[in-house]
Amino acid sequence: MSLLDVNEEATQLPDAWRSVVLERVGTGAVKVLRMDSRELEVEVHSTAEVLFVADGVLELELEGEALTVGAGELCRIPAGTRHAVRAGSRGTLLIVEVPEGE
């Protein structure tokens, strides 16, 4: 078994909002990224995502509704859901991508 400090991994990333895969579990991918307060455009993914804020805060818009996800909280985004990052998000974000139906 090996341990990873996800906050340290995020600080080593050269660019904010560019995730890297830390581990794979079955068909799922566990990613980390560093947030930097920038607003990002609307996205839609073909896989479900679980977003876990390890440090800081994630400001989201899900299907037109504002949602704040704080440190220690997670949010599940079903496949095909329109979502965007609002300005003010900062810290470390873990993303678990899971193909639908698993």
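Let me start with strand 5, residues 74-77, where the side chains alternate: Cys75 and Ile77 point to one face and are buried, while Leu74 and Arg76 point to the other face and are not buried. Please keep in mind throughout that this is a predicted model. Strand 5 is joined to strand 3 by 4 bridges, and the two strands run antiparallel. Within that pairing, leucine 51 stands opposite cysteine 75 of strand 5.

Staying with strand 3, which covers residues 48-62, I would like to look at glutamate 49, which lies in it. What is the nearest side chain of opposite charge to glutamate 49, and how far away is it? It is lysine 31, at 6.3 Å, and glutamate 49 is buried yet has no salt bridge. The side chain of glutamate 49 does, however, make a polar contact of 3.4 Å with the side chain of histidine 83. If we set aside the neighbours within four places in sequence, the contacts of glutamate 49 include Cys75, Arg76 and Ile77, and also His83, Ile95, Val96 and Glu97.

Further along, leucine 60 also lies in strand 3, and at 1% relative accessibility leucine 60 counts as buried. Its contacts, again leaving out neighbours within four places in sequence, include Leu51, Cys75 and Ile77, together with Ala84, Val85 and Arg86. Leucine 60 and histidine 83 are 23 residues apart in sequence, while their C-alpha atoms are 6.9 Å apart in space.

Now to the charged pairs. How many salt bridges does a search of the whole structure find? The search finds 3. In one of them, glutamate 97 pairs with lysine 31, the closest N and O atoms being 3.0 Å apart. That pair links distant parts of the chain, since glutamate 97 sits in strand 7, residues 90-98, and lysine 31 in strand 2, residues 28-36, 66 residues apart. Glutamate 97 is partly exposed, with a relative accessible area of 21%, whereas lysine 31 counts as buried at 16%.

Another salt bridge joins glutamate 59 and arginine 86, with 2.6 Å between the closest N and O atoms. Here too the pair links distant parts of the chain, with glutamate 59 in strand 3 and arginine 86 in the loop between strand 6 (83-85) and strand 7, 27 residues apart. Glutamate 59 counts as buried, at 16% relative accessibility, and arginine 86 is partly exposed, at 25%.

There is also a salt bridge between the side chains of arginine 38 and aspartate 36, at 3.1 Å from N to O. Arginine 38 is partly exposed, with a relative accessible area of 41%, and aspartate 36 is partly exposed as well, with a relative accessible area of 30%.

Finally, a word on the backbone. Most residues other than glycine have a negative phi. Tryptophan 17, which is not a glycine, nevertheless has a positive phi of about 65 degrees, and its place is in the loop between helix 1 (6-11) and strand 1 (20-25). Glutamate 63 also has a positive phi, near 50 degrees, and is found in the loop between strand 3 and strand 4 (65-70). Which of these two residues is buried and which is exposed? Tryptophan 17 is buried, with a relative accessible area of 14%, while glutamate 63, at 51% relative accessibility, counts as exposed.

Methods
Residues are numbered from 1 along each chain as its sequence is written. This is a predicted model: local features need pLDDT of at least 70, side-chain atom pairs count only at pLDDT 80 or more; totals for chains, interfaces and linings use all residues. Side-chain values use heavy atoms; hydrogens and water are left out. Buried means under 20% relative accessible area, exposed over 50%, partly exposed in between (1.4 Å probe, protein chains only). Lys and Arg count as positive and Asp and Glu as negative; His and the chain ends are not counted. A salt bridge is a side-chain nitrogen of Lys or Arg within 4 Å of a carboxyl oxygen of Asp or Glu. A polar contact is a pair of N or O atoms within 3.5 Å; within protein, one must be able to donate a hydrogen and the other to accept it, and residues adjacent in sequence count only if both atoms are side-chain atoms. Contact means heavy atoms within 4.5 Å. Two strands pair if DSSP finds at least two bridges between them.
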